[in-house]
Amino acid sequence: MSAVDTAFHGLRHMIASGRLVAGQRFPAENELCDELGVSRGSLREAVRMLAALGIIESRHGSGTYVSMLRPEEIIGSLSLTVDLLPLDGLLQMYELRRVLETHATSQAAARASDEVRAELSELVEAMERTTDPAESSELDHRFHELIARTAGNATLTALLQVFRSRSRAYDVFSLPAGDELRRVSNRGHRAMTEAIISRDPVGAAGAASAHVAQTEEWLRVLQPPATPAD
């Protein structure tokens, strides 16, 4: 194990064991180096690695602290690795996405306010009007994000955001058959919206499951190339 690994796992253990808790300031750098048996360079690299994962935050002029360890923020850091997945890896994750989107849409049907239902209708109508693949992708993103937020679980919202972030790199709507695929996709959006407006959790769950399964099938069959991230 390298010195950086030793420092990384040592700091991680301090947090996991409860020795350092959310929001707590870390001991002085020299104390940590002595305890872990590593150099300052190795310790600082380990701190940078944990900061990238949302576990540690450095406050200028104050020191290094354990973050508030909010699950939605830690889950969000998964995009650092999930965004590297090739298409076959993403497809393996689609089974999870289908389950989570189904649950979120069901919850949204039970909890959506009149304002949310109106916004979903507006988004679907905008998707049905546009012929621009980039605009369609953005509207699709906003549609699913609104449903996830309405479900009421910030961690679920963050995890679905990670999945969708990588999915957007594989754009089937820019393929030659994109117009027809977009029409089919919009019918799925319309079915989800109508079930949410009707406060029908079971219908909403079924519509969401079918919609995500259809997207998964398109990706599997059409094998679109990945596009660079913005």
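**Exercise 1. Describe the lining of the second largest pocket by residue class, and state which elements contribute to it.**

Solution. Begin with the classes: in this predicted model, the lining of the second largest pocket has 6 nonpolar, 3 polar and 3 charged residues. Next, put names to these residues, which are Arg25, Phe26, Pro27, Ala28, Glu29, Leu32, Leu43, Arg44, Val47, Ser58, Gly63 and Thr64. Then turn to the elements, where α2 (29-36), α3 (40-52) and β2 (63-66) each supply at least two residues of this lining, and the largest share, 3 residues, comes from α3. Finally, add the volume of the second largest pocket, which is about 180 Å³.

**Exercise 2. Find how many cavities of 30 Å³ or more the whole structure holds, and characterise the lining of the largest cavity.**

Solution. The search of the whole structure gives 1 cavity of 30 Å³ or more, and the largest cavity has a volume of about 300 Å³. Of the 19 residues that line this cavity, Asp140, Ser167, Tyr170, Phe173 and Thr215 are the closest to its centre. Sorted by class, the lining is made up of 7 nonpolar, 7 polar and 5 charged residues. As for the elements, at least two lining residues come from each of α6, α8 (133-151), α9 (154-167) and α11 (201-222), with α11 giving the most, namely 5 residues.

**Exercise 3. Determine which rings have the charged end of an arginine over them, and how many aromatic pairs are counted.**

Solution. Take first Phe173, which is among the residues closest to the centre of the largest cavity: the charged end of Arg182 sits over the ring of Phe173, at 6.0 Å from the ring centre. Take next Tyr65, whose ring has the charged end of Arg59 over it, 3.8 Å from the ring centre. For pairs of aromatic rings, whose centres would have to lie within 6.5 Å, the count comes to 0.

**Exercise 4. Work out how helix α6 and helix α10 are placed relative to each other, and which residues meet between them.**

Solution. Two packed helices are described by the angle and the distance between their axes. For helix α6 (residues 87-111) and helix α10 (residues 178-197), the axes come within 7 Å and cross at roughly 40°. The residues that meet are Thr105, Ala108 and Ala109 on the α6 side and Met192, Ala195 and Ile196 on the α10 side. By class, this contact has 5 nonpolar residues and 1 polar residue, with no charged residues.

**Exercise 5. Place these parts within the whole protein by giving its elements, their order and its overall box.**

Solution. The protein has 11 helices and 2 strands. Read from the N terminus on, the elements run α-α-α-β-β-α-α-α-α-α-α-α-α. Taken along the principal axes, the C-alpha atoms fill a box of roughly 65 × 40 × 30 Å.

Methods:
Residues are numbered from 1 along each chain as its sequence is written. This is a predicted model: local features need pLDDT of at least 70, side-chain atom pairs count only at pLDDT 80 or more; totals for chains, interfaces and linings use all residues. Side-chain values use heavy atoms; hydrogens and water are left out. Axes are lines fitted to C-alpha atoms, for helices over the stretch in contact, and angles run from 0 to 180 degrees between N-to-C directions. Helices (H or I, at least four residues) and strands (E, at least two) are DSSP runs, numbered from the N terminus. Contact means heavy atoms within 4.5 Å. Ala, Val, Leu, Ile, Met, Phe, Trp, Tyr, Cys and Pro count as nonpolar, Asp, Glu, Lys and Arg as charged, and the others, Gly among them, as polar. On a 1 Å grid over the protein atoms alone, a cavity is a set of points where a 1.4 Å probe fits but cannot get out, and a pocket is an open set with protein on both sides within 12 Å along at least five of seven lines; lining residues have an atom within 4 Å of a point. Grid points are joined across faces, edges and corners, and a volume is the space filled by probe spheres set on the points. Rings of Phe, Tyr and Trp (its six-membered ring) pair if their centres lie within 6.5 Å; planes under 30 degrees apart count as stacked, over 60 as edge-to-face and the rest as tilted. A charge sits over a ring if NZ of Lys or CZ of Arg is within 6 Å of the ring centre and within 35 degrees of the ring normal.
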